[in-house]
Amino acid sequence: MTEHETTPEATGDSGAGAVVVEETRAAAVPVTAPPQVPVASDHPDRWGRVDEDGTVYVKTADGERVVGSWQAGEPAEGLAHFARRFDDIRTEVELLVTRLTSGAGDPKHAMTSAKHVQESLAEAAVVGDLAALAARVEHVLALAEQGVEAAKAAKDEARAAAGARKLQLVEEAEALAEESTQWKASGDRLRQILEEWKTIRGVDRKTDEQLWRRFSKARDAFNRRRGSHFADLDRQRGVAKNRKQELVEEAEKLVESDDWGPTAGRYKDLMVEWKAAGRAPKEADDALWQRFRAAQDAFFARRSEVFSERDAEFATNAKLKEELLAEAERIDPSGDLETARQQLYKIQERWDAIGKVPRERIRDLEGKLRAIEERVRGAVDAQWRRSDPEAEARVAQFRERVEQFEAQAEKARSAGDKRRAEQAEAQAKQWREWLAAAEQAVASR
């Protein structure tokens, strides 16, 4: 089988036999308030009785019905036993309701279970509100029927969605075949479409075959356009090869140039022109690139060697700056801050007077000096913040209030007024906490 002759589903997997759209569980079904079934074991005597010989009866709309016999103990225990059996059935029915209304249950399975319960109620050996339970079972059956219908509708909807998705893929493929010039990306996308196509099931055979023919035709058209494009590209690559040969020859002539700046700029321009020339045939393109890169590397290697010799002249400067850094490290801004600032200023002047250092040392040396500058500047800023009159005023105000309330508490205690003393102490405690926070804020600035 070829992709152009048959669909991926032509092996017998298409149609109803290959539908991946399962009869899924129905979504939650909105319902009105269902009839409630009372718990029988709470008041079993409401729903049945046990006579003197141990016969157990359940009350029904048609009168009493014998459900069993109890000889193992007190009549109330027997009645409770049959009530619990009723509650077990009730719980089973309520579980079906919960599953159906939440969408978690299988409607067909729920319908089968509900019918089984319904058929067993007429002779069930239980004591409870059988009429309410029967109504509840009818409610479950109604829910299950709605669920089955919803599942069928969902299956039909999914089948329609599968067909719509394949139509979208076909239309995308046709658009790529007609318009796209992104050959690699579009070729990859067509392969992705094919892989997705194989995963989509449930479309009827006739529609699927029609869509497949359109998709196959689009891929063929794309492949023909791409083949024509690359034939033209081969011709263009011949022109690119000649242009790149010229660029290589110029690059090789510039290798011995000592005009470092302009020549470096020209190499950059040559690189731009190289990229603009397009691709030559791969083997020739690789060989020409090796020559171009070798010429470029040789020039920049010579330039680096010259620059390295020049950088060596800056070694003394680097050593002097290291000595200055050692001196600057001894500046202590925690003492006399103004003296520290003056020391730093003089070091900065001497630093600038020294001049350049080797390129590989610039970042390290400058970074260390900046760290020292930041330390002194941070100390200056911290001093300014600590002397903030507004913050100091708050601390003084809070301290004064603490002292006031402590004095009030002491006075109240002396007067024997315990209640006022406790109130004043509580207020003093609160203001003391605020005072501590204010002091901490000033200290941390």
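A helix here is a DSSP run of H or I with at least four residues, numbered from the N terminus. With that in hand, let's walk through this predicted model.

**Stop one: K155.** Select residues 130-179 to light up helix α3, then pick out K155, which lies in α3. Is K155 buried, exposed or partly exposed? Its relative accessibility is 25%, so K155 counts as partly exposed. Now add G202 to the selection: 47 residues separate K155 and G202 along the chain, yet their C-alpha atoms are 9.4 Å apart.

**Stop two: α4 against α5.** Next, show residues 183-199 as α4 and residues 205-253 as α5; their axes come within 11 Å and cross at roughly 160 degrees. Angles over 145 degrees count as roughly antiparallel, so that is how α4 runs relative to α5. The crossing of these two helices is left-handed. To see the contact, turn on side chains: on the α4 side, choose W183, S186, G187, L190, I193, L194 and W197. On the α5 side, the partners include D208, L211, W212, F215, R219 and F222. Colour the whole contact by class and you will find 10 nonpolar, three polar and four charged residues.

**Stop three: α5 against α6.** Stay with α5 and add residues 260-276, helix α6. Which way do these two run? Their axes come within 10 Å and cross at roughly 170 degrees, and α5 and α6 are therefore roughly antiparallel to each other. Select R243, K244, L247, V248, E250 and A251 in α5, which meet R266, Y267, L270, E273 and W274 in α6. Coloured by class, this contact shows six nonpolar and five charged residues, with no polar ones.

Conventions:
Residues are numbered from 1 along each chain as its sequence is written. This is a predicted model: local features need pLDDT of at least 70, side-chain atom pairs count only at pLDDT 80 or more; totals for chains, interfaces and linings use all residues. Side-chain values use heavy atoms; hydrogens and water are left out. Axes are lines fitted to C-alpha atoms, for helices over the stretch in contact, and angles run from 0 to 180 degrees between N-to-C directions. Angles under 35 degrees count as roughly parallel, over 145 as roughly antiparallel, 65 to 115 as roughly perpendicular and the rest as oblique. A crossing is left-handed if the near helix is turned anticlockwise from the far one by less than a right angle, and right-handed if clockwise. Contact means heavy atoms within 4.5 Å. Ala, Val, Leu, Ile, Met, Phe, Trp, Tyr, Cys and Pro count as nonpolar, Asp, Glu, Lys and Arg as charged, and the others, Gly among them, as polar. Buried means under 20% relative accessible area, exposed over 50%, partly exposed in between (1.4 Å probe, protein chains only).
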